[in-house]
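Look at the sequence and the structure below. This short report covers a listed site and then a sheet.

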Amino acid sequence: MILRQFACRAFINAHLHTHLRQPQFSQTMARPSSDLAAFRKIFSKANNIAIITGAGVSAESGVPTFRGAGGYWRKWQAQELATPEAFSRNPSRVWEFYHYRREVMLTKNPNPAHLAIAECEERLSKQGRKVTVITQNIDELHCRAGSKNVLEIHGSLFKTRCMSCGHEAANYKSPICSALKGKGTPDPNTHDAQIPVQELPRCEQTGCHGLLRPAVVWFGETLDADILTSAETVLDSCDLCLVVGTSSVVYPAAMFAPQVAARGVPVAEFNMEDTPATMRFKFHFHGPCGTTLPPALARHEAELKEIQLDTDQTV
């Protein structure tokens, strides 16, 4: 798959948006099926399932998406704060924003969609089948739900990276530093805390004490090469792909499922609305992911027969 050219995290431009919305030969393309039984038949035979997830999954857990109308923290949208330039200009403001997001996430829990994916992975792994989650989300809800094979292509809210020594580590402190305690309110009338840079989160590596940043992929930065390579490997070998709660408008993830579909692999989209890539897929299931996904990934009758056969042989 040719994903490297889109390795820089950015919003899809108008030309590519049009290209996705109007695929070649679109006049002859049928509306994706919503036949759950047909999907389940394919699902029952799939051995290597890739599940691509986006903000829509976490939104059902009450996680702010910072997208579209009302998607502001104070008077800024995420793409105005989630950049290296914004951090360089005002690290205090950016850390307030991420401190707020970290604290919010500590109050949220995985929803039925996260749990269904994790249960499916555990169940199928016992049958020699594999499920891999490729997520754009940085909230770790998939891991908290129990998923083990998770590729976080945009990083994690609960990891930090030192600007001086480059050391990256998990960090679940609440607050992450004393100066941020009680800060980060999203109220647009709130003034910046203007925390001195030396009081912001600092590296604890011996002899370093450099400024820490969130270990997330900001707009304008390239994805981690190792994670991207792993994602390419999964997508190149999968025999079924699910796209769950993603808008299909942020690159490079916007091209993942369409490229899988282009090689003839069934792709099923689970979303609250159509996306620019919908017409490229075999299935589309409309509605909340927490409602549509669990029955799609539940134990198939073929699995029950296999369990019964194993039981009979054991007896």
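## The listed site

UniProt lists Cys162, Cys165, Cys203 and Cys208 under "binding site", in an unreviewed entry. These residues span 47 residues in sequence, yet no two of their C-alpha atoms are more than 8.9 Å apart, so they gather at one spot. Keep in mind that this model is predicted.

## Two cysteines of the site

Cys165 sits in the loop between strand 7 (155–162) and strand 8 (168–170). Its relative accessible area is 44%. Cys165 therefore counts as partly exposed, since buried means under 20% and exposed means over 50%. Setting aside neighbours within four places in sequence, Cys165 is in contact with Cys203, Gln205 and Cys208.

Cys203 belongs to the loop between strand 8 and strand 9 (212–216). Is Cys203 buried or exposed? Cys203 is buried, because its relative accessibility is 5%, and the cut-off for buried is under 20%. Again without neighbours within four places in sequence, Cys203 is in contact with Cys162, Cys165, Cys208, His209, Gly210 and Leu212.

## The open sheet

Now to the sheet. Strands of a sheet pair through backbone hydrogen bonds, either parallel or antiparallel. Here, 6 strands form an open sheet, and the pairing is parallel. The strand order is 6-5-2-10-12-13. Strand 6 (150–152) and strand 13 (283–286) are the edge strands, and each pairs on one side only. On average, neighbouring strands of this sheet are turned by 15° against each other, direction ignored.

Strand 12 (residues 267–271) runs parallel to strand 13, and 4 bridges join them. Ala268 has Phe283 in strand 13 as its bridge partner.

Technical notes:
Residues numbered from 1 in each chain as written. Predicted model: local features only at pLDDT ≥ 70, side-chain atom pairs only at ≥ 80, totals over all residues. Heavy atoms only, no water. Pairing = 2+ DSSP bridges. Helix = DSSP H or I, 4+ residues; strand = E, 2+ residues; numbered from the N terminus. Axes fitted to C-alpha atoms, helices over the stretch in contact; angles between N-to-C directions. UniProt positions renumbered as here; feature names shortened; annotations may be inferred. Buried < 20%, exposed > 50% of the residue type's maximum accessible area, 1.4 Å probe, protein only. Contact = heavy atoms within 4.5 Å.
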